[in-house]
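The following note sets out points for a colleague reviewing the ligand site and the empty spaces of the structure shown below. Each point can be checked against the coordinates.

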Amino acid sequence: MKHDLLGLKDLSADQIKHILDTAGTMKEIVLGPNKKTPHLQGKTVVNLFYENSTRTRLSFELAAKYMSANAANITSSGSSVAKGETLIDTAETINAMGTDILVMRHNLSGAPHSISKLVDASVVNAGDGMNEHPTQALLDMLTMIEHKGHIEGLKVAIVGDIYHSRVVRSNIYGLTKLGAEVTLGGPTTLMPMGIDKMGVKVYDNVHEAIVDADVVMALRIQLERQKKGLFPSIREYFRYFGIDEQRLRLAKPDAIVMHPGPVNRGVELSTAVIDGDRSVITNQVTSGVAVRMAVMYLLSRGGF
Ligand code: NCD
C-alpha cells in the first residue's frame, strides 16, 4: 500500500513527532558539509506546481537531490496545462513515467486528495487552496522546537490573513495535537467564521492575541486570493495589525518571530522585526529542506 501526506488533520501526535524527530536528523545533513545521502537512491520525485512558489518548490527539489533521488519540476505555465490539459490527465502522465513521489501544489482545496486516488505515486500536498500546507506547519514546528525545546505548553499567536491561509489550518491541527495553546488575531474580515471550533482562541485584533506569546507567527496578506478589498489600505493594515518592535513587546521577552514567506515588508512585519534578532525566518527556510527530506524518506519506507 502506498502512503501520502495530504494534511496534518489525519495524523496522530505520535506520527507528527516521528516526522519531526527524523527531520531533526536530516537537518544535520542540510547544515553539514556533505549533502548527499542514499536515502532515496533510485527513486523519482516530481514537483507539480499550479501556483507560484520559491521556497516550497526549491526545498522539495533540493531535499530530493540531497537524498540522491531523480528530481524534476513541472509548472502550469510551461507545461501542457497551458494547452488545456486537465489535472487528471497531467497527473496520470507523470505517474506513467515511473514517478514514486508526486509533490503537488494546486489552487483547489482537495486536489491532491483526488489525485492520490488515481496514481500509484505517493502524493505530498505542497499547499491546496485554502485548505492545508502540511510540510509548512511541520517546518514551523521543527523551528519552534529548536528555539524553545518543546511544543507542549507554548503559546503560539498566529496573526494576519487567517481566512486565506492554508498554513494556519495545518499549524492549528499540528500545534493543538502536540499540546500548544494557539491564539489567532487579525481583522474580522480576514477571520473565517467558526474557526474557534478548531480549539483556538480568536481575537479581532493583534495586540490581545500576542500578549505573553512564546511564538508570534505573522501570515502574508494574500492579495492574489482577494476579489474585493477586505481591509481599507496596506498602510492602515500595518498601523492596526502589523508587528513592529513596540507591538512585539506585548509578547514574552524571549518570543520568536516567524513568517512562512514570502513577506510583504512593512505590511505584516516591520523591516526592523524581520531583520532583528528575534526573527527566525531564515531558520524556517532551512528547516523546510530537512522536513521535506524526512517526509519523503519516511513515505518511501512505508509511511509515518
Ligand atoms: C505559503 C503558501 O504558499 O501557502 N507560502 C509558503 O509555502 N512558504 C504562504 C503564503 O503564500 O503566504
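1. Status of the model. The structure is a predicted model. The positions discussed below should be read in that light.

2. The ligand shell. Which residues surround the ligand? The shell consists of R55, T56, R105, H133, Q136, R166, V167, R220, Q222, P260, G261 and P262. By class, three of these shell residues are nonpolar, five are polar and four are charged. R55, R105, R166 and R220 are in the shell, and since Arg counts as charged, they belong to the charged class.

3. Polar contacts of the ligand. Three side chains may be examined here. In R166, an N or O atom of the side chain lies 2.7 Å from an oxygen atom of the ligand. R105 places a polar side-chain atom 3.0 Å from a ligand oxygen atom. For Q136 the partner is a nitrogen atom of the ligand, which is 3.4 Å from an N or O atom in the side chain. The ligand on its own exposes 320 Å², and the protein buries 94% of that area.

4. Location of the ligand. Where does the ligand sit? The ligand occupies the largest pocket. Helix 2 (55–66) and helix 6 (166–177) are the elements that contribute two or more residues to the shell around the ligand. Helix 2 and helix 6 also each supply at least two residues of the lining of the largest pocket.

5. The largest pocket. The space in the largest pocket comes to about 470 Å³. The lining comprises 20 residues, of which N52, R105, R166, R220 and P262 are the closest to the centre of the pocket. By class, the lining divides into four nonpolar, nine polar and seven charged residues. R105 and R166 thus recur in this note: R105 has a polar side-chain atom 3.0 Å from a ligand oxygen, and R166 makes its approach to a ligand oxygen at 2.7 Å.

6. A cis peptide bond at the ligand site. The peptide bond from G261 to P262 is cis, with omega near -5°. P262 lies in the loop between strand 9 (256–258) and helix 10 (271–274). Both G261 and P262 are among the residues surrounding the ligand.

7. The second largest pocket. How much space lies in the second largest pocket? The volume is about 160 Å³. The lining is made up of T44, V46, A72, I74, S79, S80, E85, T90, T93, I94, M97 and T99. Strand 1 (44–49), strand 2 (70–75) and helix 3 (87–96) are the elements that give two or more residues to this lining. Helix 3 gives the most, with three residues. By class, the lining of the second largest pocket has five nonpolar residues, six polar residues and one charged residue.

8. The enclosed cavity. There is one cavity of 30 Å³ or more. The largest cavity has a volume of about 80 Å³, and R55, Q136, L139, H259, P260, G261, I281, Q284, V285, G288 and R292 line it. Helix 5 (134–148) and helix 11 (281–300) each supply at least two residues of this lining. Helix 11 gives the most, with five residues. By class, the lining of the cavity divides into four nonpolar, five polar and two charged residues. R55, Q136, P260 and G261 appear both in the cavity lining and in the ligand shell.

9. A backbone feature elsewhere. S68 has a positive phi of about 70°, although this residue is not a glycine. S68 lies in the loop between helix 2 and strand 2. Helix 2 contributes to the ligand shell, whereas strand 2 contributes to the lining of the second largest pocket.

Key. Residues numbered from 1 in each chain as written. Heavy atoms only, no water. Near = heavy atom within 4 Å. Polar contact = N/O pair within 3.5 Å; in protein donor to acceptor, adjacent residues only side chain to side chain. Areas by Shrake-Rupley, 256 points an atom, 1.4 Å probe, with all protein chains shown as cover. 1 Å grid on protein atoms, 1.4 Å probe; cavity = no way out; pocket = protein on both sides within 12 Å on 5 of 7 lines; lining within 4 Å. Sits in = over half its atoms within 2 Å of the grid points. Helix = DSSP H or I, 4+ residues; strand = E, 2+ residues; numbered from the N terminus. Points joined across faces, edges and corners; volume = space filled by probe spheres on them.
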